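Here is a short briefing on one protein chain. Keep the sequence and the 3D view open as you read.

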Amino acid sequence: PMLFSVTDADLKFTDSGGKVASSTGADILFTASDGTTLLNYEIESYASTTGATVAWVKIPTLHATYDDVIYIYFGNASAPANTASNRQNTWDTNYKGVWHLPNGTTLSAADSTSNANNGTKNGTPSAIAGQIDGGANFSGSSDNVNITSISLNGVAYTISTWVVTPLPNSCSSYCTLTRGTNDHQVLVNPSNLLGEYDNAGGTAFHSSGFSMATLSGGWHYIAARVNGSNTDFYV
């Protein structure tokens with residue numbers, strides 16, 4: 001899926017001077033380069049008064065040497081709405097969960113995939129502005145979003161997230177980015193070292209050798225690829 005993030009006057013609702021027929025952006029759709037083949041897409045957020053639109057579009061291919069063309073259509077009040085199945089099909093079966101934490105106003109841990117692996121908020125995490133649309137602020141050790149319906153124990157997986165630095169000094173134990181089980185976690189330790197905690201063979205923190213404290217302040221994209229005994233980190 002490709003991120004489509006645009007603020008454009010044409011994408012305002014007609015009552016606000018734009019050309020979108022629905023105040024919810026329901027008539028916005030995307031097609032392949034032929035202009036007719038509908039693509040699966042998820043509209044994460046739409047602001048009718050500004051035309052700010054954040055959407056994820058499942059494009060057929062992405063070439064390295066030339067541009068790939070897709071089209072966005074809007075303004076037809078009778079256009080088919082972006083259905084739940086359309087949104088879910090944006091994320092194929094390789095995705096076990098996608099959590100946008102959208103809108104920055106009301107924190108939602110809903111899963112966008114068809115797996116419905118929705119998170120449960122514990123403590124008092126709050127909604128804030130994120131790198132893409134909304135984000136979550138975890139202000140204490142009891143704040144978390146817990147997803148109990150996915151087991152990552154013993155399987156290869158990749159998990160990624162946006163995180164803002166510097167991380168809080170109040171992280172007296174660990175700032176956990178994710179955990180597969182209680183025995184396997186991808187996290188940042190109190191010294192701001194990004195690494196893996198693996199209790200399968202005894203309590204151990206395996207550092208990636210990369211200190212989060214060395215990052216300049218701001219948003220950073222972190223991905224961890226876990227495969228057997230190997231974990232690769234990308235920042």
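Two strands count as paired if DSSP finds at least two bridges between them. With that in mind, look at Thr158, which stands opposite Arg225 in strand S15. The model you see is a predicted one. Its protein chain holds one helix and 16 strands.

**The whole chain**

- The C-alpha trace spans about 60 × 35 × 35 Å along its principal axes.
- The protein chain has 235 residues, and 35% of them count as buried.
- About 13100 Å² of the protein chain is exposed, and carbon and sulfur atoms supply 48% of that area.
- Take the contacts with a separation of 6 or more: 50% of them come from residues 24 or more positions apart.

**Strands S10, S15 and S16**

- Strand S15 covers residues 218-227 and runs antiparallel to S10, with nine bridges joining the two.
- Thr158 and Arg225 are one facing pair, with Arg225 on the S15 side.
- S15 also runs antiparallel to strand S16 (residues 230-234), this time with five bridges.
- Here Ala223 stands opposite Tyr234, which belongs to S16.
- S15 and S16 form a hairpin with two residues between them.
- Gly228 sits in that turn and has a positive phi of about 65°.
- In a regular strand, side chains alternate between the two faces of the sheet.

**Strands S7 and S8**

- Strand S7 (residues 126-129) pairs with strand S8 (residues 134-137) over four bridges, in the antiparallel sense.
- Which residue of S8 is the bridge partner of Ala127? The partner is Ala136.
- S7 and S8 make a hairpin with four residues between the strands.
- Within this hairpin, Asp133 takes a positive phi near 65°.

**Salt bridges**

- How many salt bridges does the structure hold? There are two.
- Side chains of opposite charge can pair when their charged atoms come close.
- Lys19 pairs with Asp10, and their closest N and O atoms are 3.8 Å apart.
- Asp10 has a relative accessible area of 34%, so Asp10 is partly exposed.
- Asp232 and Arg225 form a salt bridge through their side chains, at 2.4 Å from N to O.
- Asp232 counts as partly exposed because its relative accessibility is 28%.
- Arg225 is partly exposed too, at 41% relative accessibility.

**Ser22 in its loop**

- Ser22 lies in the loop between strand S1 (2-7) and strand S2 (29-31).
- Is Ser22 buried or exposed? Ser22 counts as buried because its relative accessibility is 18%, and the cut-off for buried is under 20%.
- The side chains of Ser22 and Thr24 are joined by a polar contact of 2.9 Å.
- Beyond residues up to four places away in sequence, Ser22 touches Phe13, Asp27 and Tyr46.

**The loop between H1 and S6**

- Helix H1 (84-88) and strand S6 (120-122) are linked by a loop that includes Asn103.
- Asn103 is not a glycine, yet its phi is positive, near 70°.
- Asn103 has a relative accessible area of 43%, so Asn103 is partly exposed.
- Ala116 lies in the loop between H1 and S6, and its phi is also positive, at about 55°.
- Leu101 has its place in the loop between H1 and S6 as well.
- The C-alpha atoms of Leu101 and Ser126 are 10 Å apart, although 25 residues separate the two along the chain.
- Leaving aside neighbours within four places in sequence, Leu101 contacts several residues, among them Leu107, Gly134 and Ala136.

**A nonpolar surface patch**

- Val69, Tyr71 and Tyr73 form a nonpolar patch on the surface.
- Together they have about 280 Å² of accessible area.
- Tyr73 sits in strand S5 (residues 71-73).
- Tyr73 is partly exposed, with a relative accessible area of 37%.

**A cis peptide bond**

- Which residues does the cis peptide bond join? The two are Thr165 and Pro166, and omega is about 5°.
- Pro166 lies in the loop between strand S10 (157-165) and strand S11 (175-181).

Technical notes: Residues numbered from 1 in each chain as written. Predicted model: local features only at pLDDT ≥ 70, side-chain atom pairs only at ≥ 80, totals over all residues. Heavy atoms only, no water. Buried < 20%, exposed > 50% of the residue type's maximum accessible area, 1.4 Å probe, protein only. Polar contact = N/O pair within 3.5 Å; in protein donor to acceptor, adjacent residues only side chain to side chain. Contact = heavy atoms within 4.5 Å. Patch = residues over 30% accessible without salt bridge, like charges linked within 9 Å, V, L, I, M, F, W, Y side chains within 5 Å. Areas by Shrake-Rupley, 256 points an atom, 1.4 Å probe, with all protein chains shown as cover. Salt bridge = Lys/Arg side-chain N within 4 Å of Asp/Glu carboxyl O.
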